[in-house]
Structure formats: structure tokens, C-alpha cells
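Got your viewer open? Let's take a walk through this chain together, one selection at a time.

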Amino acid sequence: MRRLAVFDLDHTLLANDSDHLWGRWMIEHGVVDAEQYARENERFYGLYSAGTLDIHEYAAFSLRPLVEQPLERMLALRERFVAEWIVPAVAPGTPALLEKHRAQGDELLITTATSRFITEPIAALLGVTNLIATDPEIHDGRYTGRIAGIPNFQGGKVQRLRDWLAGQAEPYAHLTAYSDSRNDIPLLEEAQAAVAVDPDAVLRATAQSRGWAIISLR
């Protein structure tokens with residue numbers, strides 16, 4: 001029986017938000033205007049936490065540095081960012097949880113609303129080869145600042161997962177899904193086993209009412 005374990009990334013496998021940290025990293029390294037970017041970064045983070053984020057508006061904001069800065073500079077900054085800020089942000093229980101699923105023979109997949117530019121090296125750091133992320137649009141080899149295809153956010157996570165599953169050579173008989181956020185309730189509803197990880201208040205209440213497992217990786 002083929003089994004799939006699907007993991008949200010930010011505040012689930014990580015004890016922080018990689019997108020929010022990336023914004024702070026760019027401020028510290030002079031990539032963006034500190035005062036304006038910090039203010040908007042916090043505003044968008046609050047909207048995400050409240051479940052009211054407009055993902056396209058956020059993408060126009062967060063992807064702008066990839067449009068305006070030389071790609072070589074951004075790639076070098078990303079490499080340092082992962083080494084210096086993401087490695088310490090991996091939740092203490094994450095390695096053991098991933099290893100448990102590997103030992104069971106499960107396929108692993110990370111699904112995240114954060115852009116592929118930020119999360120691809122993080123998935124590699126965690127040893128997870130399957131990644132569904134929000135894809136920045138690239139035209140003629142340059143980032144446009146827009147999203148390509150369906151944003152991997154809220155209900156879009158369900159559609160993107162279904163599309164990914166439809167492209168697999170063999171079906172999966174069992175799906176386990178992990179997340180911390182109210183934004184991922186639709187994703188958790190797709191799973192045979194839903195697990196709330198260090199959940200926000202809305203997800204915790206939902207998990208308790210539905211009998212979903214609640215765990216901490218911190």
C-alpha cells in the first residue's frame with residue numbers, strides 16, 4: 001500500500017516562517033528599503049495569520065526584489081540565508097518525524113504557500129525531494145513579480161496536490177497531512193490522517209472538534 005506524508009513548511013517543519021524571515025534578511029542586507037519593507041512585511045504576515053491574505057497582492061510585494069536585483073546576488077544571499085537563519089529554525093522534532101515516515105516506507109512531500117525560490121533549498125536541506133510551492137512566473141529568463149499558475153495557498157493547496165497526485169504513476173492508498181494553520185484546513189480535510197502541529201487557535205479548535213491528532217515539534 002503506497003502511503004504519502006504531506007507536510008506544510010512554515011511553523012510546521014520550521015519553528016518560524018521562512019517567507020517572513022527572508023523579508024527580514026533582505027532588510028538586514030540592504031536589498032530593500034528597511035522602513036517601508038518592514039512595515040509591509042508585518043502587515044502581510046498579520047493578514048496571513050488571520051486567514052485573509054490576498055496571495056497575489058503579497059506576491060507582487062514579496063517577489064519585487066527578484067525583479068529588481070541581479071539574480072546572482074539574490075542566489076548568493078539565499079544560500080547564506082538558508083545556512084544562517086533556516087538551519088537554526090528547523091523545529092527540534094522535525095528530523096525524527098521525517099525519519100519515522102521514511103522508515104515506514106512513506107513518500108514525503110512538502111507543500112507550502114511560500115515561493116519556490118525560497119523553499120527549494122529548504123526542502124533540499126530537509127532531504128525531501130517532492131515540493132509543491134507557489135511558483136514565481138519567469139519570462140525570458142527573468143522573474144516578472146507575478147505568480148505562475150495556481151497559488152499554492154488555502155484551497156489552491158488542495159488543487160495543486162490533486163494535480164500532483166494525478167501525475168503519479170501509481171495511486172496512493174493513504175495520505176497523512178501535517179500543518180499548523182487555519183489556512184490549511186482544506187488540505188487536512190483531504191487526508192485519511194490529519195495532524196495539527198503547534199496549531200493556531202482556529203486549527204486547534206477544529207482539530208479538537210474533529211478528533212484530529214495534535215502534536216508539537218518544538
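Which residue has a backbone nitrogen that lies 2.8 Å from a polar atom of the side chain of D200? Select D200 and have a look: the backbone nitrogen belongs to R182. Keep in mind that you're looking at a predicted model.

**Stop 1: around D200**

Stay on D200 for a moment. You'll find D200 in the loop between strand 6 (193-197) and helix 11. R182 isn't the end of the story here, since the backbone nitrogen of L203 lies 2.7 Å from a polar atom of the D200 side chain. Now show whatever touches D200, skipping neighbours within four places in sequence: you should get D180, S181 and R182. Want to try a distance yourself? Pick the C-alpha atoms of D200 and S179: they sit 9.7 Å apart in space, with their positions 21 residues apart in sequence.

**Stop 2: into helix 11**

Next, colour residues 201-210, which form helix 11, and click on T206 inside it. Is T206 buried or exposed? T206 has a relative accessibility of 14%, so it counts as buried. Zoom in on its side chain: a polar atom there lies 2.9 Å from the backbone oxygen of V202. Leaving out neighbours within four places in sequence, T206 is in contact with I185 and W212.

**Stop 3: strand 2 and T112**

Now jump to strand 2, residues 107-115, and select T112. With just 1% relative accessibility, T112 counts as buried too. What surrounds T112 once you ignore residues up to four places away in sequence? There's quite a list, and among them are D8, L9 and D10, as well as L131, I132, A133 and T134. Add T119, N152 and K157 to your selection as well, because T112 touches those too. One more thing to find here: a polar atom of the T112 side chain lies 3.1 Å from the backbone nitrogen of T114.

**Stop 4: two residues with positive phi**

Here's a bit of background for this stop. Most residues other than glycine have a negative phi. Now select H11, where phi is near 65 degrees, a positive value. H11 is part of helix 1, residues 9-13, and it is buried, with a relative accessible area of 15%.

Then go to Q154, another residue that isn't glycine and has a positive phi, near 50 degrees. Where does Q154 sit? Look in the loop between strand 4 (142-148) and helix 9 (155-166). Q154 is partly exposed, with a relative accessible area of 27%.

**Stop 5: zoom out**

Time to show the whole chain. Switch to a cartoon view and you can count 11 helices and 7 strands. How does the radius of gyration compare with the globule rule? For 218 residues the rule gives 17 Å, and the chain's own value is 17 Å, so the chain is as compact as a globular protein of that length. Along the principal axes, the C-alpha atoms fill a box of roughly 50 × 35 × 30 Å.

Now colour by burial: 52% of the 218 residues are buried. If you list contacts with a separation of 6 or more, residues 24 or more positions apart account for 58% of them. Turn on the surface, and you're looking at about 10000 Å² of accessible area, 51% of it belonging to carbon and sulfur atoms.

Last selection: the charges. The chain has 21 positive and 30 negative ones, and their mean positions are 2 Å apart.

Definitions and conventions:
Residues are numbered from 1 along each chain as its sequence is written. This is a predicted model: local features need pLDDT of at least 70, side-chain atom pairs count only at pLDDT 80 or more; totals for chains, interfaces and linings use all residues. Side-chain values use heavy atoms; hydrogens and water are left out. Helices (H or I, at least four residues) and strands (E, at least two) are DSSP runs, numbered from the N terminus. The radius of gyration is taken over C-alpha atoms; the globule rule is 2.2 Å times the number of residues to the power 0.38. Buried means under 20% relative accessible area, exposed over 50%, partly exposed in between (1.4 Å probe, protein chains only). Contact means heavy atoms within 4.5 Å. Accessible areas come from the Shrake-Rupley method with a 1.4 Å probe; for residues, only the protein chains shown count as cover. Lys and Arg count as positive and Asp and Glu as negative; His and the chain ends are not counted. The place of a charge is taken as NZ of Lys, CZ of Arg, CG of Asp or CD of Glu. A polar contact is a pair of N or O atoms within 3.5 Å; within protein, one must be able to donate a hydrogen and the other to accept it, and residues adjacent in sequence count only if both atoms are side-chain atoms.
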